[in-house]
Amino acid sequence: MNHQHPELFIRYKLNPILSAADWPYAVNSVFNPGATLLPDGTTLLLCRVEDRRGLSHLCAARSVNGVDGWQIDAQPTLPSDPEHHPEELWGIEDPRITYVPELHKYAIVYTAYTRDGPGVSLALTEDFHHFERFGVIMSPEDKDAALLPHRIGDFWALIHRPVSAPGAHIWISYSSDLRQWGSHKLMMEARKGGWWDANKIGLSPPPIETPQGWLVIYHGVKHTSAGCLYRLGLALFDLHTPERCLKRGNEWIFGPQEPYEQHGDVGSVVFPCGYILAPDGDTLHLYYGAADSRIALATGSLRGILEWLEQQP
Ligand code: BMA
């Protein structure tokens, strides 16, 4: 660590924590997991699993300490269902989980890989065994979405990332019933030029509610002659008007560095879809896909992260 570039997230030394070899059935890769804490304190990861056709489904892995001893469902937990949901033709990907106290349910917002590209789908569950599918709630091309855990005023709020060439920016939309979405607002724009987060950004895990605002960990995609670099940055948004950006860090805070992040099906990618806040209210466990091949863990301090953001110009 040096003062120019403090390490806000420290990698777990036995990374990666989960890979295809751990799976109870034959798969190509496991990555980009959503995460939540179950009422008994168990950590649940809902992992994106790519099968040997190249199509993805979601599979739950549970651990008492959130680090090892993972119990993995023997079969896909949430398989794609193209027969009843044609939008899931080419699989489902990258889940973000939000516990919604008003509904006593978890909302899973995931990418449905439709014939016309990725769209955003929603399912609710109480137990990660039975799922109530809402189908597509944002039509293609759209992804990197998560529901906020409670209404803002009278309305549910969904953060998502529609693509409108040449830019891909983060938007927020509102709904009274989780089905009809409107009042679309631009939340944060990709920068331009040589920036690490130029042209294409997206929400990574669901936003983290803090007294200072909604803390957003987002990814920026830099196109280089050798391919894309996926890195993470931070921004803070107003609690009552979440499209209002209060702070945005200039530098990325986490990027591909270790061999397991640099080499894989898609190299130089770190892609978190979930976090767990430890019972101390400060320790943040970030679960991320590494190189679209495996799952890794990095840990930070919420206080430290907010302090860093506060000091940004
Ligand atoms: C994004 C998503 C992620 C993936 C990343 C890198 O567009 O599809 O699932 O991890 O690209 O390939």
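**Cysteines, an open sheet and the largest pocket**

Cys228 is partly exposed in this predicted model, its relative accessible area being 30%. This value lies between the limits of 20% for buried and 50% for exposed residues, so Cys228 falls into the intermediate class. Cys245 is likewise counted as partly exposed, at 36% relative accessibility. The number of disulfides in the structure is 0. Cys228 therefore takes part in none, and the cysteine sulfur nearest to that of Cys228 belongs to Cys273, at 17 Å, whereas a disulfide requires two sulfur atoms within 2.5 Å.

An open sheet is built from 4 strands, arranged in the order β6-β7-β8-β9 with antiparallel pairing. The edges are occupied by β6 (residues 92-100) and β9 (residues 132-138). Each of these has a single partner strand, so one side of each lacks a neighbour in the sheet. From one strand to the next, the twist averages 25°. The antiparallel strands β6 and β7 (residues 105-114) are joined by 7 bridges. Within this pair, Val100 lies opposite Lys105 of β7.

Strand β6 also contributes to the largest pocket, which has a volume of about 410 Å³. The pocket is lined by 17 residues, and those closest to its centre are Thr36, Ile97, Thr98, Tyr99 and Tyr275. At least two lining residues come from each of β2 (residues 29-37), β6, β16 (residues 208-210) and β20 (residues 270-277). By residue class, the lining comprises 14 nonpolar, 2 polar and 1 charged.

Key. Residues numbered from 1 in each chain as written. Predicted model: local features only at pLDDT ≥ 70, side-chain atom pairs only at ≥ 80, totals over all residues. Heavy atoms only, no water. Pairing = 2+ DSSP bridges. Axes fitted to C-alpha atoms, helices over the stretch in contact; angles between N-to-C directions. Buried < 20%, exposed > 50% of the residue type's maximum accessible area, 1.4 Å probe, protein only. 1 Å grid on protein atoms, 1.4 Å probe; cavity = no way out; pocket = protein on both sides within 12 Å on 5 of 7 lines; lining within 4 Å. Points joined across faces, edges and corners; volume = space filled by probe spheres on them. Nonpolar A, V, L, I, M, F, W, Y, C, P; charged D, E, K, R; others polar.
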